Amino acid sequence: MTPYNEKELLLLISEGDSDAFRTLFLHYGPMLKSYLLKLSRSNETAQDLVQDVFLEIWKNRERLRDIEHFKSYLFQSVHNRAHNSFERQAKETLILQELFKDKSPAIEFEAEDQITAKEVSKFIQKTVDKLTPQQRKIFLLSRHEGLSHQKIADQLNIHPQTVSNHLSDALRFLRSEVGRTFGAYTAVIVILNELL
Amino acid sequence: MKTERISTLFERYMDGTASEAERYELSTYALMEKYIPLLKELEAAYWEKMKVGDQSLSDEEATRLMLIVERESKARVRFLSWRRVAVAASIILVLGTASYYAFFHQGVKKESIAKVEKKDVAAPDQSKAFITLENGRKIPVDSLTSLTQNNVSLVKAADSKIVYSGNADKIVYNTLTNPRGSQVIDMELSDGSHVWLNAGSSVTFPIAFVGNERKVEITGEAYFEVARDANKSFYVKKGDMTVLVLGTHFNVNAYDNEDALNVTLLEGSVKAIIDKGQSAMLKPGEQARIEFPFDRNANDRTIKVTNNVDLEQVMAWKNGQFVLKGTGIEVLMRQVERWYDVEVVYTGKIPNKKFGGSISRNVNLSTMLQALNDYGIHCQLKERKVIVE
């Protein structure tokens with residue numbers, strides 16, 4: 001097995017060598033996936049992002065000729081989407097917390113953050129309150145317990161299609177509510193989309 | 001300090017050791033605009049710390065990406081829309097050589113309908129060509145963008161034409177190979193000469209010409225339009241047969257499984273030479289024919305020059321046609337084998353019929369076989385084998 005020579009590999013890829021590209025992917029892909037998994041807590045998000053980023057890198061392979069450190073270049077290409085996925089899971093955590101417990105954990109935020117924290121909490125509460133009881137129940141079963149649509153349908157004694165409908169209604173609602181309020185982050189406000 | 005607190009929370013979150021309360025706290029900070037820059041810094045720092053090697057990806061994920069990559073990098077050769085022309089209009093296939101007349105499925109016997117398996121073989125719609133560099137590396141033309149060797153640049157132009165340009169002070173060879181079942185590929189050499197390669201062919205050439213000779217070698221079939229250069233003679237070699245070119249357009253048909261090597265001149269002037277043997281000058285419209293096998297002594301082999309050449313037939317491949325004039329079934333089938341990348345097998349005596357006419361190359365194989373069946377040649381397509389009975 002030949003030693004891994006990154007500079008040469010990048011040059012080959014910039015010239016169109018797809019075998020070299022595969023080697024690069026096998027080298028960095030796993031690390032990126034692991035990172036995205038930790039950050040987003042979603043296998044699907046991690047997988048999709050890894051594919052998207054590497055495909056983009058392939059499409060712009062001519063740029064690789066001038067790259068010195070691929071690890072940094074890789075991060076540059078993915079860091080915005082990676083951060084968005086982290087934000088997404090943060091919102092989800094808060095919503096689930098709100099749904100699952102009657103009260104959110106008592107956290108002592110420092111003075112400057114108290115108000116903002118209270119705002120965040122209030123907002124999450126309001127959003128969750130707007131869900132219908134059925135939507136809320138199904139949402140919890142899906143997100144908190146990780147049940148499939150079929151299993152939820154069995155448990156609640158309804159048709160799986162009904163489960164899907166309730167779930168998509170809930171998500172659509174949460175998406176628009178959260179998006180409206182946290183205007184600063186509306187660039188990519190897609191909350192919990194992988195459920196659908 | 002808040003920064004420290006958030007750093008700690010983030011670290012635990014990423015490592016998977018954060019408690020539910022800690023996750024909740026971190027999530028709340030994540031939604032506060034003022035902490036976004038900090039979080040992004042933490043994300044970057046964590047990435048820095050990560051090391052290659054202790055993780056793994058499923059084979060399935062790797063394969064999936066490579067498939068998408070391959071699909072993305074194919075520059076499809078533009079297809080003429082007459083590929084879909086109906087059978088009757090695209091095939092004019094007749095018996096005999098005395099007269100030409102078109103048949104349109106008149107009096108077709110029921111049992112002669114070709115039995116075509118579900119898997120038909122379509123005409124190639126792109127070139128599968130690849131270039132082999134001097135160090136042995138193979139680059140598919142599909143994924144080629146541009147490449148420099150010794151100050152000589154190689155680019156793929158928008159219409160999939162390969163162009164070499166530049167000067168060098170030493171000879172470096174590349175080989176362009178066009179496999180069977182592939183569309184014709186078009187290349188421009190660094191002196192401006194043009195080469196078109198048929199399926200099942202290759203050409204080995206210097207990426208830039210040095211000295212007072214331009215020498216290339218071929219296998220299979222190629223059509224050349226050589227740029228004039230009084231100081232540099234152009235030679236095309238196959239085995240011990242060389243064509244010396246004096247600025248011209250000519251076709252070389254040198255497939256090993258044909259009976260002879262043919263050089264046909266369209267324009268200009270060439271001299272066909274057998275090493276240590278005969279040579280013959282050609283004028284436009286003439287064809288030099290050197291019979292195989294090559295293992296016979298050079299002195300025994302002769303070059304036959306004829307001027308009774310049907311140029312349309314010789315150049316049919318480059319024009320997307322099969323042109324037959326008194327052509328036997330075996331010759332036709334060999335062309336079919338190379339174009340569709342299939343194998344033709346004869347189970348009985350080989351029919352003695354001769355054909356005349358022309359067929360578009362861009363039809364499905366089943367369509368062509370259907371026509372042959374209509375004229376009494378019983379043939380079947382099974383996967384990638386054509387069986388002639």
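Two residues are taken to be in contact if their C-beta atoms, placed from the backbone, lie within 7 Å. On that basis, in this predicted model, the contact between the two chains takes 36 residues from chain B and 46 residues from chain A. On the side of chain B that touches chain A, the elements giving two or more residues are helix 1 (2-15), helix 2 (20-30), helix 3 (36-49) and helix 4 (59-73) of chain B. Helix 4 of chain B supplies the largest share of that side, with 10 residues, and by character the residues of the side divide into 19 nonpolar, seven polar and 10 charged.

**Confidence**

For the complex the predictor gives an ipTM of 0.75 and a pTM of 0.45. The mean pLDDT of chain B is 78, with 85% of its residues reaching 70 or more. Within chain B, confidence is highest in helix 3 of chain B, at a mean of 95, and lowest in helix 5 (residues 87-90) of chain B, at a mean of 28. Over residues 75-117 of chain B the pLDDT is below 50, and this stretch has 62 contacts in the model beyond near neighbours in sequence.

**The two chains**

The table sets out the make-up of each chain.

| Chain | Helices and strands | Buried residues | Contacts at least 24 apart, of those at least 6 apart |
|---|---|---|---|
| Chain A | eight helices, zero strands | 36% of 196 residues | 63% |
| Chain B | eight helices, 24 strands | 33% of 389 residues | 54% |

Read along its sequence, chain A follows the pattern α-α-α-α-α-α-α-α. One of its elements, helix 3 (residues 43-59) of chain A, has 17 residues and, at 1.5 Å a residue, should span 24 Å; its end C-alpha atoms are 24 Å apart, which agrees with that expectation. The buried residues of helix 3 of chain A are Thr45(A), Ala46(A), Leu49(A), Val50(A), Val53(A), Phe54(A), Ile57(A) and Trp58(A).

**Nonpolar cores**

In soluble globular proteins, nonpolar side chains tend to be buried together. The largest nonpolar core in this model has 53 residues, and those touching the most other members are Ile13(A), Phe21(A), Leu32(A), Leu36(A), Val50(A), Phe54(A) and Ala30(B). Helix 2 (residues 18-40) of chain A gives the most to this core, with 10 residues. Val50(A) and Phe54(A), named among these members, are also among the buried residues of helix 3 of chain A. Ala30(B), leaving aside its neighbours within four places in sequence, is in contact with Phe86(A), Glu87(A), Ala90(A) and Leu39(B). Apart from the largest core lies another, of 48 residues, which includes Val141(B), Val203(B), Val243(B) and Val245(B).

**Strand 13 of chain B and its partners**

In a regular strand the side chains alternate between the two faces of the sheet. Strand 13 (residues 241-245) of chain B has a covered face, made up of Met241(B), Val243(B) and Val245(B), and an uncovered one, made up of Thr242(B) and Leu244(B). Of the covered residues, Val243(B) and Val245(B) are among the members of the 48-residue core.

Strand 13 of chain B pairs in the antiparallel sense with strand 12 (residues 233-238) of chain B, over five bridges, and here Val236(B) stands opposite Val243(B). The hairpin of strand 12 and strand 13 of chain B has two residues between the strands, and in it Gly239(B) takes a positive phi near 60°. Strand 13 of chain B also pairs in the antiparallel sense with strand 16 (residues 270-274) of chain B, again over five bridges, and in strand 16 the bridge partner of Met241(B) is Ile274(B).

**Positive phi outside glycine**

Most residues other than glycine have a negative phi. Asn151(B), however, has a positive phi near 70° although it is a residue other than glycine, and it lies in the loop between strand 4 (146-149) and strand 5 (152-156) of chain B. Asn151(B) counts as exposed because it has 11 C-beta neighbours inside 10 Å, the cut-off for an exposed residue being 12 or fewer. Asp341(B), which is likewise not a glycine, has a positive phi of about 55°, and its place is the loop between helix 7 (329-340) and strand 21 (343-346) of chain B. With 17 C-beta neighbours inside 10 Å, Asp341(B) counts as partly exposed.

Definitions and conventions:
Residues are numbered from 1 along each chain as its sequence is written. Chains are lettered from A and ligands numbered from 1 in the order in which they are written. This is a predicted model: local features need pLDDT of at least 70, side-chain atom pairs count only at pLDDT 80 or more; totals for chains, interfaces and linings use all residues. Helices (H or I, at least four residues) and strands (E, at least two) are DSSP runs, numbered from the N terminus. Ala, Val, Leu, Ile, Met, Phe, Trp, Tyr, Cys and Pro count as nonpolar, Asp, Glu, Lys and Arg as charged, and the others, Gly among them, as polar. pLDDT is the predictor's confidence in each residue, from 0 to 100. A residue is buried if 20 or more other C-beta atoms lie within 10 Å of its own, exposed if 12 or fewer, and partly exposed in between; C-beta atoms are placed from the backbone. Two strands pair if DSSP finds at least two bridges between them. The expected span of a helix is 1.5 Å times one less than its number of residues. A nonpolar core is a set of buried Ala, Val, Leu, Ile, Met, Phe, Trp, Tyr and Cys residues joined through C-beta atoms within 7 Å.
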